Amino acid sequence: MELIRCYLDRRRPDCFSKLYDRYAPKVFGKCLALLKDRAEAEDATQEIFVKIFSKLATFDERSKFSTWLYSITYNLCIDRLRKRKKERELFSDELEQAGEKIDEVDDRELLEMEFERLKEVLERIPEGDKMLLLMKYLDGMQIKEIALSLGKTESAIKMRIKRAKLKARRVYDRLFPAQA
Amino acid sequence: MVKNSFEKWMEQEMEQMPPPHVKEKVSRTVLLMDFIAQVIDLYLPRALDTFVALSGTEEEADTLQQKNTDPHTDETKHS
C-alpha cells in the first residue's frame, strides 16, 4: 500500500517502476498462460497496467491490491478470448448438458499434482475453467471475490469450479491412465 | 510453507518479466494521461471563468463551453 500511496501522492517514477516490476511478471505469466500467444500477452499486459495506473485512485482497499489487479487481468484476458473465438465456449458448463451429475473432486487431487502434469492438464481444459482454477488455487481468491470480479453469483461460480475440477480430473485420467 | 502445484508452476514457469518495451509504453502512456489530467485541472477552471466573464451567467457559460469542446456542434460548417 505504501508504494501505491507513494505513486498517487507524488507521481514518482521510481514508485511506478517498483509497482510495475513487482507485479508485471505475475500479470504477464497469467496472460501468457491464458492467451497462449506472446505478442497478445504483451499487448494485454500493457493494457492492464495502463488501466491499473489510471484507476489506481479508485482502488478502495477493501480487497487486497493483488486481488484487484488479478481481477482486472482475468477479465481482460477473458474479453480477448471471447473476441477471438466467438464460436467456441470458454467454460465447461457452457459445453455440457444441464442437469448432468457432477462428482465432487477433492482439492488435494489438484493441489498435490506434479506441476508439469498440472500444466498439461490445464492446457487441455477450456480457458474459462483454467482461469477459475488459477483464481481459486493460485491466487487464493474467495468465491465471493471471484463472483464479484466476474459479475456472476456465488452459486454459479461454485458450480463452475466444481465442473472445472471434474473436467481437469477427466483430462488427467486420460493423459496419465496408470496413475488414475 | 508447502507450495501447492499451482504455486510451483507459477514460480517455475509462468512468472516472467515482459520485454522492456512493454514497460516503456506503459510508462509513456501513464505520463501522458497524467499530463492531460493536469492540463485539464489547471485550465478548465480558468476557461470556465472566462466563459462566465464573456457570457454573463454560469448557465450560458456551460453551454458555450460545451459548444467549444463538442466537435459535433461546429456551426461554422453549416454557414
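Q: Where is Thr73(A) found?
A: Start with the element a residue belongs to, then ask what surrounds it. In this predicted model, Thr73(A) sits in helix α4 of chain A.

Q: Is Thr73(A) buried or exposed?
A: The trick is to count C-beta atoms around a residue: 20 or more others within 10 Å make it buried. Thr73(A) has 31 C-beta neighbours inside 10 Å, so it counts as buried.

Q: Which residues does Thr73(A) touch, if I ignore those up to four places away in sequence?
A: Skipping sequence neighbours lets you see what the fold brings together. Here, Thr73(A) touches Val27(A), Lys30(A), Cys31(A) and Ile48(A). You can also look at Phe28(A): it lies 45 residues from Thr73(A) along the chain, and their C-alpha atoms are 9.0 Å apart.

Q: What does Cys31(A) contact, leaving aside neighbours within four places in sequence?
A: Take the list from the other side now. Cys31(A) is in contact with Ala41(A), Ala44(A), Thr45(A), Thr73(A) and Cys77(A).

Q: Which residues of the largest nonpolar core touch the most other members?
A: A core can be read as a network, where you look for the members with the most links. This core has 50 residues, and Cys31(A) and Cys77(A) are the two that touch the most other members. Several helices supply at least two residues each: α2, α3 (38-55), α4, α7 (115-123), α8 (127-138) and α10 (154-175) of chain A, along with α1 (5-14) and α2 (20-55) of chain B. The top contributor is α2(A), which gives 11 residues. Both domain 1 (2-84) and domain 2 (92-179) of chain A put in at least three residues each.

Q: What are the domains of chain A, and how many Å separate their centres?
A: Find the bounds, then look at how the parts sit relative to each other. The assignment gives domain 1 as 2-84 and domain 2 as 92-179. Their centres, taken over C-alpha atoms, are 24 Å apart. The contact between them takes 11 residues from domain 1 of chain A and 10 residues from domain 2 of chain A.

Q: Which elements give two or more residues to the domain 1 side of that contact?
A: Sort the contact residues by the element they come from. On the side of domain 1 of chain A that touches domain 2, the elements giving two or more are α2 (13-35) and α4 (65-84) of chain A. Of these, α4(A) gives the most, with 8 residues. By class, that side has 6 nonpolar, 4 polar and 1 charged.

Q: At what angle do α4(A) and α8(A) pack?
A: Picture each helix as an arrow from its N end to its C end and compare directions. The angle between α4(A) and α8(A) is about 175 degrees, and their axes are 11 Å apart. An angle over 145 degrees counts as roughly antiparallel, so α4(A) and α8(A) are roughly antiparallel to each other. Tyr74(A), Cys77(A), Ile78(A) and Leu81(A) in α4(A) meet Glu127(A), Gly128(A), Met131(A) and Met135(A) in α8(A). These contact residues divide into 6 nonpolar, 1 polar and 1 charged.

Q: How many helices and strands does chain B have?
A: List the elements in sequence order. Chain B has 3 helices and 0 strands, so its pattern reads α-α-α. Of its 79 residues, 14% count as buried.

Q: How many residues of each chain are in contact with the other?
A: Count each side separately. There are 24 residues of chain B in contact with 27 residues of chain A. On the chain B side, α1 and α2 each supply at least two residues. That side splits into 11 nonpolar, 6 polar and 7 charged residues.

Q: Which residues make the contact between α8(A) and α1(B)?
A: Check the crossing of the axes, then the residues. The axes of α8(A) and α1(B) come within 9 Å and cross at roughly 100 degrees. That makes α8(A) roughly perpendicular to α1(B). The contact is formed by Leu134(A), Tyr137(A) and Leu138(A) of α8(A) with Phe6(B), Glu7(B) and Met10(B) of α1(B). By class there are 5 nonpolar, no polar and 1 charged.

Q: Is Lys36(A) buried or exposed?
A: Use the neighbour count again. Lys36(A) has 12 other C-beta atoms within 10 Å, so it is exposed. Lys36(A) is in the loop between α2 and α3 of chain A. Its phi is near 55 degrees, a positive value in a residue other than glycine.

Methods
Residues are numbered from 1 along each chain as its sequence is written. Chains are lettered from A and ligands numbered from 1 in the order in which they are written. This is a predicted model: local features need pLDDT of at least 70, side-chain atom pairs count only at pLDDT 80 or more; totals for chains, interfaces and linings use all residues. Domain bounds come from an automatic or database domain assignment. Two residues are in contact if their C-beta atoms, placed from the backbone, lie within 7 Å. Helices (H or I, at least four residues) and strands (E, at least two) are DSSP runs, numbered from the N terminus. Ala, Val, Leu, Ile, Met, Phe, Trp, Tyr, Cys and Pro count as nonpolar, Asp, Glu, Lys and Arg as charged, and the others, Gly among them, as polar. A nonpolar core is a set of buried Ala, Val, Leu, Ile, Met, Phe, Trp, Tyr and Cys residues joined through C-beta atoms within 7 Å. Axes are lines fitted to C-alpha atoms, for helices over the stretch in contact, and angles run from 0 to 180 degrees between N-to-C directions. Angles under 35 degrees count as roughly parallel, over 145 as roughly antiparallel, 65 to 115 as roughly perpendicular and the rest as oblique.
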